[in-house]
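Student: I would like a close look at one part of this protein. Please take me through its largest cavity, step by step.

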Amino acid sequence: MTMASTRATFDELETLLADPDVPDSAIRPYLTGAPQVSLPFAPVVVPDATRVAMRPLDETRVLGPVFLDWANRWSRWRRQKRFERRLAAGDPAPVLVSEGDSWFQFPLLLDDVIDQLEPRYLILSLDAAGDTLAAMTGPGREYVAPLVDAKLGPRVRGFLFSAGGNDIIGEERGPDGRMRSVLETLVHERRPGLPAAAQIDEAALEERLARIEAGYRKVLETVATLRPGVFVVGHAYAHAIPAHPADPRDPRWTRHGGWLRDPLRRRGFKEPEEQRAIVAALIDRFHARLERLMGGNCPGGAYPQGWLVDCRNLLDRTEEWADEIHPTDAPGRGFARVAERFDAVIRSALASSTG
């Protein structure tokens, strides 16, 4: 089906979305972001009103109280349909389960980590932009069902996990009920002359790292109990680059600079180099905490079935990033390079796994 070159109907858009064979790239021209409501790790994707004619009922379905879920639901549904078809056709690729945030599912507008890995593996994607570590590891954990499924469970070789970024460089609801940057909690008011690591509130960061570690331990132990031999792959994201004066990035889904640059400016950090160093220091501390757990490729790690992907220094140029937190999906850059790092670790884990 081909939509009109001028303006499509909402039904035509959803007809395209309902066909898993239509690539996301063919649908993207009819979508845009909603910067007024997008949050770090929770970009909101909606139909572009200049390209899609929306009736009042359509707008209610997309922009109502669950507006965040419209693109998430379609992205997940399309992935799962592709997974089911490949599984039914006898595809011999290793079966993986993924649970994660917007690095694993950036709805429809970017080819994220899972999109990049999908051709190589059979991935049951349970990911959702906006999902948090607390939700993923709390009651109703979605990843449990496929692991205990009588037919699918024995085929699962690995579990991919992306969580914790929101707890380090994301946003949360403050005591006044408003969303605020976590950076304003983790970073002291600027103290001149001190290195980036010394600008961090150690007590506040330790509390968050302990929370992240507890969540990862729960995942590692749950997977090991339900399906021994299944490996778990995690990561600590990359050294994200706050917006700066010569920044070429112009994302549709956020006011650029609002997620990293502006919160750090409010703490007194005006220079891009200083902002970047603080973000890198926080990511490094996150990574170091995960090294204590992931014994598959981290010496001394507590869990031999845990594997850690290190992307921290991989994306050191602004051109590798679509916004302040998400890599670009340009060929050979950003998410493609991240996926290569994931692929290398997954292949090592598969070679070592008894699952």
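Tutor: Here is a walk through the cavity, followed by the protein around it.

The model is predicted. Start with the idea behind the search. Rolling a probe the size of a water molecule over the atoms shows where empty space is left. In this structure, 1 cavity reaches 30 Å³ or more. The volume of the largest cavity is about 50 Å³.

Now look at the walls. The lining includes Asp24, Ser75, Arg78, Arg79 and Arg82. Phe106, Leu108, Leu110, Asp112 and Asp115 line the cavity too. Sort these residues by class. Charged residues number 6, nonpolar residues 3 and polar residues 1. Next, ask which element gives the most to this lining. That is helix α4, which spans residues 68–88 and supplies 4 residues.

Step back to the whole protein. Its fold has 13 helices and 11 strands. The C-alpha atoms fill a box of roughly 60 × 50 × 40 Å along the principal axes. A compact globule of 355 residues would have a radius of gyration near 20 Å, and the protein agrees because its own value is 20 Å.

Burial comes next. Of the 355 residues, 57% count as buried. The protein exposes about 14600 Å², and carbon and sulfur atoms supply 53% of that area.

Finish with the contacts. Take those between residues at least 6 apart in sequence. Of these, 72% join residues at least 24 apart.

Methods. Residues are numbered from 1 along each chain as its sequence is written. This is a predicted model: local features need pLDDT of at least 70, side-chain atom pairs count only at pLDDT 80 or more; totals for chains, interfaces and linings use all residues. Side-chain values use heavy atoms; hydrogens and water are left out. On a 1 Å grid over the protein atoms alone, a cavity is a set of points where a 1.4 Å probe fits but cannot get out, and a pocket is an open set with protein on both sides within 12 Å along at least five of seven lines; lining residues have an atom within 4 Å of a point. Grid points are joined across faces, edges and corners, and a volume is the space filled by probe spheres set on the points. Helices (H or I, at least four residues) and strands (E, at least two) are DSSP runs, numbered from the N terminus. Ala, Val, Leu, Ile, Met, Phe, Trp, Tyr, Cys and Pro count as nonpolar, Asp, Glu, Lys and Arg as charged, and the others, Gly among them, as polar. The radius of gyration is taken over C-alpha atoms; the globule rule is 2.2 Å times the number of residues to the power 0.38. Buried means under 20% relative accessible area, exposed over 50%, partly exposed in between (1.4 Å probe, protein chains only). Contact means heavy atoms within 4.5 Å. Accessible areas come from the Shrake-Rupley method with a 1.4 Å probe; for residues, only the protein chains shown count as cover.
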